Amino acid sequence: MDNIKVLYTATATAKGGRNGHTQSNDGLVSVDLSVPKAMGGPGKAGATTPEDLFAAGYAACFGGALDYVAKQHKKNAAGATITCSVSIGPRDLGGFGLAVKLHVEDKSLPQADLEAYTREAHEQICPYSHATRNNVNVALEVVGA
């Protein structure tokens with residue numbers, strides 16, 4: 001395992017599991033949770049899922065990593081749109097697992113450049129990509145100019 005120099009720590013508390021509530025310690029994130037109907041749950045209106053929260057965080061983090069890489073190459077990817085889809089389902093080996101799709105779009109950058117920056121951000125920079133590597137299938141879709 002790789003050690004890190006801690007710069008920031010986020011803390012959240014969940015009560016009631018997937019049909020409960022979760023909140024960050026500063027109160028800025030405060031959401032009710034509900035198992036979706038597709039998974040046999042109540043699918044409560046106005047509630048979210050852990051997968052929604054993970055997708056939002058991964059998309060934002062990856063966008064930052066992509067722009068960081070682009071800046072290293074004297075380009076700008078601050079306007080890129082990152083759509084992260086997180087799927088959950090039963091694993092062949094038991095329990096449940098996740099699968100992720102990152103759709104990266106920036107028509108201001110040539111396709112080949114955007115593909116290269118996306119790979120570099122995924123392989124070298126993004127901490128969510130590091131955390132999922134060899135644990136979660138992450139598919140990359142890239143749409144540039």
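Where in the protein is the place of T49? T49 sits in the loop between β3 and α1, and there is more on that residue below. First, a word on what you're looking at: this is a predicted model, where local features need pLDDT of at least 70, side-chain atom pairs count only at pLDDT 80 or more, and totals for chains, interfaces and linings use all residues. Residues are numbered from 1 along each chain as its sequence is written, and side-chain values use heavy atoms, with hydrogens and water left out.

**The big picture**

- The protein has three helices and six strands; helices (H or I, at least four residues) and strands (E, at least two) are DSSP runs, numbered from the N terminus.
- Read from the N terminus on, the elements go β-β-β-α-β-β-α-α-β.
- Along its principal axes, the C-alpha trace spans about 45 × 35 × 35 Å.
- Of the 145 residues, 30% are buried (buried means under 20% relative accessible area, exposed over 50%, partly exposed in between, with a 1.4 Å probe and protein chains only).
- The accessible surface comes to about 9,200 Å², and 53% of that belongs to carbon and sulfur atoms; accessible areas come from the Shrake-Rupley method with a 1.4 Å probe, and for residues only the protein chains shown count as cover.
- Take contacts between residues at least 6 apart in sequence: 49% of them join residues at least 24 apart (contact means heavy atoms within 4.5 Å).
- The protein carries 13 positive and 14 negative charges, and the mean positions of the two sets are 4 Å apart. Lys and Arg count as positive and Asp and Glu as negative, while His and the chain ends are not counted; the place of a charge is NZ of Lys, CZ of Arg, CG of Asp or CD of Glu.

**The sheet β1-β2-β3**

- Strands of a sheet pair through backbone hydrogen bonds, either parallel or antiparallel. Here, two strands pair if DSSP finds at least two bridges between them.
- One open sheet has three strands in the order β1-β2-β3, with antiparallel pairing.
- β1 (12-15) and β3 (30-32) stand at the edges with a single partner strand each, so one side of each has no neighbour in the sheet.
- The twist averages 10° from one strand to the next; axes are lines fitted to C-alpha atoms, for helices over the stretch in contact, and angles run from 0 to 180 degrees between N-to-C directions.
- β2 (residues 21-24) and β3 pair in the antiparallel sense over three bridges, and Q23 stands opposite S30 in β3.

**The sheet β4-β5-β6 and its helices**

- Another open sheet of three strands runs in the order β4-β5-β6, this time with mixed pairing.
- Its edge strands are β4 and β6 (137-143), each pairing on one side only.
- From one strand to the next, the twist averages 15°.
- Helix α1 (residues 50-72) packs on this sheet and touches β4, β5 and β6, with its direction at about 145° to that of β4.
- Helix α2 (residues 111-125) lies across β5 and β6, running at about 155° to β6.
- β4 (residues 81-90) and β5 (residues 96-105) pair in the antiparallel sense over ten bridges.
- Want to trace that pairing yourself? The bridge partner of I88 in β5 is L98, and that of T83 is H103.
- β4 and β5 form a hairpin with five residues between them, and G94 in the turn has a positive phi of about 100°.

**Loop residues to look up**

- T49 is buried, with a relative accessible area of 11%.
- Leaving out residues up to four places away in sequence, T49 touches L33, S34 and P36.
- T49 and R18 are 31 residues apart along the chain, and their C-alpha atoms are separated by 7.0 Å.
- V29 lies in the loop between β2 and β3 and counts as partly exposed because its relative accessibility is 40%.
- V29 touches T22, Q23 and S24, again not counting residues up to four places away in sequence.
- V29 and D106 are 77 residues apart in sequence and 29 Å apart in space, C-alpha to C-alpha.

**Positive phi without glycine**

- Most residues other than glycine have a negative phi.
- K74, in the loop between α1 and β4, has a positive phi of about 60° although it is not a glycine. K74 is exposed, at 76% relative accessible area.
- N134, in the loop between α3 (127-132) and β6, has a positive phi near 65° and is also not a glycine. N134 is exposed, with a relative accessible area of 77%.
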